[in-house]
Amino acid sequence: MGEKWVLMKTAQTPTNIAVIKYWGKRDETLILPVNDSISVTLDPAHLCTTTTVAVSPAFQQDRMWLNGKEISLSGGRYQNCLREIRKRAREVEDKEKGIKIEKKDWEKLHLHIASYNNFPTAAGLASSAAGFACLVFALAKLMNVEEDESQLSAIARQGSGSACRSLFGGFVKWIMGKEEDGSDSLAVQLVDEKHWDDLFIVIAVVSSRQKETSSTSGMRESVETSLLLQHRAKEVVPKRTVQMEEAIKSRDFASFAKLTCADSNQFHAVCLDTSPPIFYMNDTSHRIISHVEKWNRSEGSPQVAYTFDAGPNAVLIARNRKAAAQLLQRLLFSFPPKSDTDLDSYIIGDKTILQDAGLEGMRDVEALSPPPENGSAQKYPGDVNYFICTRPGKGPILLSNENLALLDPETGLPK
């Protein structure tokens, strides 16, 4: 066996947004949560991480590049994922290339990893969730690991808690588990992405002026100081999770919206109940909530659910395309782009919804009339950076097309 070979795998993994929130760990090292959580996986066509992993006897050490920049792998979270997956590596044979890797060889062989997000890492759209899920999924394929997605999710969880939920499409539940070693804290798919395909999702990426508290330190402070968090984990979430599973399975949008909005608001209430208080939402976030609440009330039944993670971005889940088109008209009336922005770069992702909303260009946006339920015709240009239009999507996939790999097949270095 020559020492020049490089063996590679490339995977693509979606990001996810929690509708029942994960906030608070009972074990910092193993990343074990204080409650169950439920999320929706977003269509990887619009938001995903692509990761190429490579192994070669020529590599001198483990190395990783994120969005083109080399980053250190010395952090505990990367080390945990690498250690756990290497432990499960099996024999690999590529007859075509004349490569055979014995189980014991994996301990000595080094890896090169390149990862790329097709959305801004700083936009607060769970890039670490997609990233760690993709790393674990790709390495499992490279190392011929036999564990299934749920078992792999328990490894991804040790990189980033919410990463365990990105190993499936559709709606996913992270079971908190009871064991001290975390072996039963893993993700399961509740339903796949086809189960409720009426849903349409609009994400408002809000201009955030300041850097928020990181989720890791914010959670730690909430666990230490918030009495509301204790009550939430013990009394509220267990009941809410059962109701949410029921709403998803029966496609009951009214219940789904009520639970999603309530859980998002309680999560942010826990942040305010933390000492010192944590403010993730800003004035624009609050305005969007107010607009949605007024519209839902005026319609008599919910058209849209809102949910916010640890940041000001609004994730708006519409009951169907018609509601999504009406939502977009309302959002663009109140939050138009700045005068120097064109509609094409202001609305990204699935742009077909613009036709449903009758919006072909900025002239149509300027002609929108104020929503009747709002009671105010005030506009806030520039308060939203851009909108992403998407829908529930599928789980991780392996990309067989070598052109999509991020590493050079000859050198194992970034292309």
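## A tour from a helix pair to a sheet

Helices α2 and α3 are oblique to each other, a label for angles that are not under 35 degrees (roughly parallel), over 145 (roughly antiparallel) or 65 to 115 (roughly perpendicular). Before you click on, note that this is a predicted model, where local features need pLDDT of at least 70 and side-chain atom pairs count only at pLDDT 80 or more, while totals for chains, interfaces and linings use all residues. Residues are numbered from 1 along each chain as its sequence is written, and side-chain values use heavy atoms, leaving out hydrogens and water.

**Stop 1: the helix pair.** Select residues 127–142 for α2 and 149–156 for α3; they pack at an angle of about 125 degrees, with axes 9 Å apart. Axes are lines fitted to C-alpha atoms, for helices over the stretch in contact, and angles run from 0 to 180 degrees between N-to-C directions. Helices (H or I, at least four residues) and strands (E, at least two) are DSSP runs, numbered from the N terminus. Now show the side chains: F132, A133, V136, F137 and A140 of α2 meet E149, L152, I155 and A156 of α3. Contact here means heavy atoms within 4.5 Å.

**Stop 2: the sheet.** Next, find the open sheet of 5 strands, in the order β15-β16-β14-β18-β17 with mixed pairing. Two strands pair if DSSP finds at least two bridges between them. At the edges are β15 (304–307) and β17 (347–349); each has a single partner strand, so one side of each has no neighbour in the sheet. From one strand to the next, the twist averages 25 degrees. Select 200–206 and 314–318 to see β14 and β16 pairing in the antiparallel sense over 5 bridges. Zoom in on A204, whose bridge partner in β16 is A314.

**Stop 3: helices on the sheet.** Add residues 283–299: this is α7, which packs on the sheet and touches β14, β15, β16 and β18 (384–390). Then add α8 (residues 321–334), which lies across β14, β15, β16, β17 and β18 and runs at about 20 degrees to β14.

**Stop 4: a loop.** Finally, go to P57, in the loop between β6 and β7. Is P57 buried or exposed? P57 is partly exposed, because its relative accessible area is 25%; buried means under 20%, exposed over 50%, and partly exposed in between (1.4 Å probe, protein chains only). Leaving aside neighbours within four places in sequence, P57 contacts E3, W5 and L109. In the same loop you will find A58, also partly exposed at 40% relative accessibility.
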